[in-house]
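Work through the following exercises with the sequence and the model side by side. Each one sets a task and then solves it step by step.

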Amino acid sequence: MDSFGRQPHLKAKRKASVGDICPPPLLPLTKADIKPGSENERVGAVRDSMLQNHLILKPELGRTRRRCTKLPGSAYVYGLSLRGTDGGVPEAIGHWQVMIPSAPKEKEKPKNFVTMNYKGIKSGLTTAMEHYLYRQAHEIRIQDQDYKRFPKDPPRLPDAMTYGIPNRPSTPILDLLQHRFKDLWVQEQLNAQLVHEQSKKLRKKRHGKAYDTFAVTLRRHQIPAKLDPLWHLPRFGKTAAHLDTFPTRGDRVNAFKAQGEEAPARLGELAQGIYTHL
């Protein structure tokens, strides 16, 4: 039976039903409904399950898309139906069933362990068992205003107060017509490029060498060592040196400096031996 065929004209006058005004959705497509040259014509093995998958089914020209699901019959009632619980319209008109309000149950207040522990310590209790027995005998509950999130009498707010985030001020139409935002953006980009070029010029240039990182600089830096004075006997502390083989102070410094430079190439614990290489 063609689901799109028109019903024969009835002689008896009848009222338009919901099905005439809002036709039901199309049922899932089957192999019998496929005609040669249609959109869903397939070559090879064809199963009804292939035509009930909305990912495989192609839309038909001039028709609404199929739901690919089988709907219940016309006798099916959608929604929740309560049978036998009420008498319908006559019962509603004759007797109105009013729900009896139930008294709200008083919520048990939590215990105030802070106050009970404080009073237990004041009483001279020290062990956990003594505190437990004290809390069983002297139970204290938290008051309503202590654990409620909102107070009973909140502060009164002004009548002219506006809640929420204020609106953003309107953009001047003159700035939009003059493309002022574009000019400001271009100027910011030019300034950023100028700062970048200036920072490049300030960098230290080394031709043919790699730049030193901050870690390399810290590794090469030598922390100056604190030179402690040599230990000597207290009785010779104030006695000046009686022998000085160097003519001047500068000759003495130059001699020790030369000895320190030649120390890696000489033998001995004091680096005063022969040279290790010629």
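**Exercise 1: The cavity**

Find how many cavities of 30 Å³ or more the whole structure holds, and describe the lining of the largest cavity.

Solution. A search of the whole structure finds one cavity of 30 Å³ or more, where a cavity is a set of points, on a 1 Å grid over the protein atoms alone, at which a 1.4 Å probe fits but cannot get out. The volume of the largest cavity is about 60 Å³, a volume being the space filled by probe spheres set on the points. Its lining consists of Leu57, Lys58, Pro59, Glu60, Thr64, Arg65, Arg66 and Cys68, where a lining residue has an atom within 4 Å of a point. Sorted by kind, the lining residues are three nonpolar, one polar and four charged; Leu, Cys and Pro count as nonpolar, and Glu, Lys and Arg as charged.

This is a predicted model, in which local features need pLDDT of at least 70 and side-chain atom pairs count only at pLDDT 80 or more, while totals for chains, interfaces and linings use all residues. Residues are numbered from 1 along each chain as its sequence is written, and side-chain values use heavy atoms, with hydrogens and water left out.

**Exercise 2: The chain as a whole**

State how many helices and strands the chain has, and what percentage of its residues count as buried.

Solution. The chain has nine helices and zero strands, as given by DSSP runs (H or I, at least four residues, for helices; E, at least two, for strands). Of its 278 residues, 7% count as buried, a word that stands for under 20% relative accessible area, with exposed over 50% and partly exposed in between (1.4 Å probe, protein chains only).

**Exercise 3: An aromatic pair**

Identify the aromatic pair and explain which parts of the chain it ties together.

Solution. The search of the whole structure finds one aromatic pair. Phenylalanine 246 and phenylalanine 256 form this pair, which is tilted, at 6.4 Å centre to centre and 45° between the planes; rings pair if their centres lie within 6.5 Å, and planes under 30 degrees apart count as stacked, over 60 as edge-to-face and the rest as tilted. Because phenylalanine 246 lies in the loop between α8 (214-220) and α9 (249-262), and phenylalanine 256 in helix α9, the pair ties together parts that are 10 residues apart in sequence. Phenylalanine 246 is partly exposed at 24% relative accessible area, and phenylalanine 256 is also partly exposed, at 48%.

Technical notes
1 Å grid on protein atoms, 1.4 Å probe; cavity = no way out; pocket = protein on both sides within 12 Å on 5 of 7 lines; lining within 4 Å. Phe/Tyr/Trp six-rings, centres within 6.5 Å; stacked < 30°, edge-to-face > 60°.
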